Amino acid sequence: MKNYLIIGNSAAGISAVEAIRSKDKESKITLLSSEDYPGYCRCLISYFLAGQIKEDKLLYRPESFYKDNNVELFLNKKVSRVDPKKNKVVCEDRTQISYDQLLIATGSSPKFPEIQGIKKKGVFGLRTVKDTKEIDGLLPITRAAAVLGGGLVGLKAAYALKKRGVDVKVVIKSDQVLSQMLDFEAALFVQKRLEENGIDVVLGQDVKEIIGEGDIRAVKLSSGKTFEASLIVVGKGVSPNIDLVKDAEIKTGEGIVTDKLLQTNVPNIYASGDVAETFDITIGKYAVNALWPVAIEQGRIAGANMTGDAINYDGSLGINSIEFFGLPTVSLGIYKKDKADTSLEELKLSDAKSGKYKKLTLRGNLLIGAILVGDIKSSGLFLRLIREKIDISPIKDKLLEENFGFPDLLELIKDKEKIYV
Amino acid sequence: MKKLFYEVKKCLGCKSCEVACAVAHSASGDLFKVFHEEKLSLPRKKVLSSKGNNYPVSCRHCKDPKCVDACMAAALVYDTKSGIVEHIEERCVGCWMCVMVCPYGAIRPNIKSKLPLRCDKCKDKLEPACVKACPTQAVIWQEEEVAR
């Protein structure tokens with residue numbers, strides 16, 4: 001009998017519970033959540049805000065999940081510190097919980113820029129169900145909103161607000177949307193689609209001040225211009241929730257540093273999901289890839305390893321898929337290269353008329369990145385070529401062709417093909 | 001459990017399986033009515049060619065399904081009993097994560113319906129429609145164990 005403790009009740013935490021229970025039906029599992037909601041599909045909150053899905057679709061697992069898996073769930077339980085020497089955690093409410101094996105899956109929190117007015121009522125991140133419901137509550141009295149940041153969360157927020165009939169301006173510091181996932185050219189396709197659907201995009205500007213006594217009335221840009229907004233959503237990225245280990249001897253960088261087993265430098269403490277720093281196979285460095293599918297995979301491996309397995313994690317990479325107003329967009333691994341960088345090669349196909357853009361980034365004979373806009377059907381194959389580090393030279397001239405497909409990979413993959421006899 | 005196999009040498013690339021698939025998943029189930037339906041039914045399988053051979057490509061219902069892991073809406077569930085990756089359409093938001101991670105490129109986005117096109121092994125029927133439709137018997141529906 002072991003005593004498992006998991007901090008965090010989202011993708012990584014839930015996936016770890018399932019992994020542990022598939023091996024160990026008996027041991028105690030305690031799951032702590034800083035939120036007041038059973039495990040939900042975090043990436044769906046913008047769809048919920050948009051009114052595209054009902055609240056019952058938010059739950060990631062059925063309500064009986066915790067009982068069925070014999071998990072003791074504590075909601076509204078925030079851990080303030082981990083004490084690896086005593087194998088226990090201390091919560092904000094001063095309770096202490098001990099463990100034999102600990103998984104830190106505390107996720108991340110929105111970053112708020114330090115500007116005047118940022119603490120005002122009416123300024124939100126879009127991270128939790130609570131955020132979503134609070135924003136939703138203000139919509140009946142909201143005519144215009146400003147979104148700070150043109151990343152995935154910012155654009156999803158803008159999309160949702162627009163769908164709800166609110167005028168939206170997205171203020172972006174860089175010269176393009178989705179600068180952490182697309183190159184300049186691909187970003188133009190997305191920007192155009194957003195603008196055609198009534199979302200204003202303001203590039204190269206920062207919000208300097210949020211104006212209003214009591215209620216928010218406007219925002220002021222770095223150019224000095226102001227525009228009306230009574231609701232602000234901040235999408236300026238997230239930072240890993242690592243405060244709970246800052247006094248412990250747990251190694252951190254941007255996130256909590258993990259090894260191949262997703263173990264921290266303390267053997268009975270693991271980390272997974274948005275809080276974990278893992279080896280990124282495309283950039284070749286340790287990085288935080290705060291993404292749902294990455295968290296699910298890491299949670300499963302960490303959970304299994306906590307039961308005594310020794311499964312190696314292959315490493316992470318940035319993978320994003322999003323659709324705005326009928327324009328699907330996928331980004332994998334390296335999405336931008338320095339003009340001066342001659343070690344990387346780009347294969348590109350761009351057709352503004354049909355709204356299609358494809359760019360593949362190669363290092364030698366290996367694919368290390370892809371951007372696909374409009375036509376994403378081959379994205380899974382590109383991801384496979386990246387992950388399995390397959391020498392693409394025999395199919396290099398086929399990669400961007402319309403009829404490129406799995407049969408082209410047959411001679412290159414290691415697994416013996418079983419379905420084609 | 002039964003799975004789809006393909007005898008590549010027999011496949012002519014005639015795409016009869018694609019047509020049969022689209023018809024089987026249409027509202028009417030009738031080839032001559034399909035084109036007039038409000039939502040055009042699209043095939044969940046594609047015949048692709050490489051080096052002179054033709055290969056029908058569709059969801060394999062992997063035992064270790066990457067799409068299920070990636071689905072941020074919990075719209076995909078692997079049913080161990082039926083061996084099918086079930087797609088719960090009411091939960092799907094059309095984010096295309098499943099398309100992005102399928103190692104076989106076997107799931108395609110239907111941008112209009114906002115639902116992925118993926119083989120469901122014609123689960124309500126005795127055998128998938130593509131099996132009967134193949135004029136050369138290149139599509140084989142059999143137990144996994146007896147396959148070569």
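User: Is the crossing of α1(A) and α7(A) left-handed or right-handed?
Analyst: This is a predicted model: local features need pLDDT of at least 70, side-chain atom pairs count only at pLDDT 80 or more, and totals for chains, interfaces and linings use all residues. Residues are numbered from 1 along each chain as its sequence is written, and chains are lettered from A and ligands numbered from 1 in the order written. A crossing is left-handed if the near helix is turned anticlockwise from the far one by less than a right angle, and right-handed if clockwise. For α1(A) and α7(A), the crossing is right-handed.

User: At what angle do α1(A) and α7(A) pack?
Analyst: Axes are lines fitted to C-alpha atoms, for helices over the stretch in contact; angles run from 0 to 180 degrees between N-to-C directions. The axes of α1(A), residues 11–23, and α7(A) lie 7 Å apart. Their angle is about 35°.

User: How many nonpolar residues are in the contact of α1(A) with α7(A)?
Analyst: Two residues are in contact if their C-beta atoms, placed from the backbone, lie within 7 Å. Among those involved are A:A12, A:V17 and A:K23 of α1(A), and A:W292, A:R300 and A:M306 of α7(A). Ala, Val, Leu, Ile, Met, Phe, Trp, Tyr, Cys and Pro count as nonpolar, Asp, Glu, Lys and Arg as charged, the others, Gly among them, as polar. Five are polar, two are charged, and the nonpolar ones number 12.

User: How far apart are the end C-alpha atoms of α1(A)?
Analyst: The expected span is 1.5 Å times one less than the number of residues. With 13 residues, α1(A) should span 18 Å. The model agrees, with the ends apart by 19 Å.

User: Which strands help cover the buried residues of α1(A)?
Analyst: A residue is buried if 20 or more other C-beta atoms, placed from the backbone, lie within 10 Å of its own, exposed if 12 or fewer, and partly exposed in between. In α1(A) the buried set includes A:I14, A:V17 and A:I20. The cover includes α7 and the chain A strands β1, β2, β3 and β7.

User: What is the radius of gyration of chain A?
Analyst: Chain A has eight helices and 26 strands (DSSP runs: H or I, at least four residues; E, at least two; numbered from the N terminus). The globule rule, 2.2 Å times the number of residues to the power 0.38, gives 22 Å for 421 residues. Chain A is close to that, so it is as compact as a globular protein of that length. Taken over C-alpha atoms, the radius is 23 Å.

User: Which element gives the largest share of the side of chain A that touches chain B?
Analyst: The contact takes 37 residues from chain A and 35 from chain B. Elements giving two or more residues on the chain A side are α7, β22, β23 and α8. The largest share, five residues, comes from α8(A).
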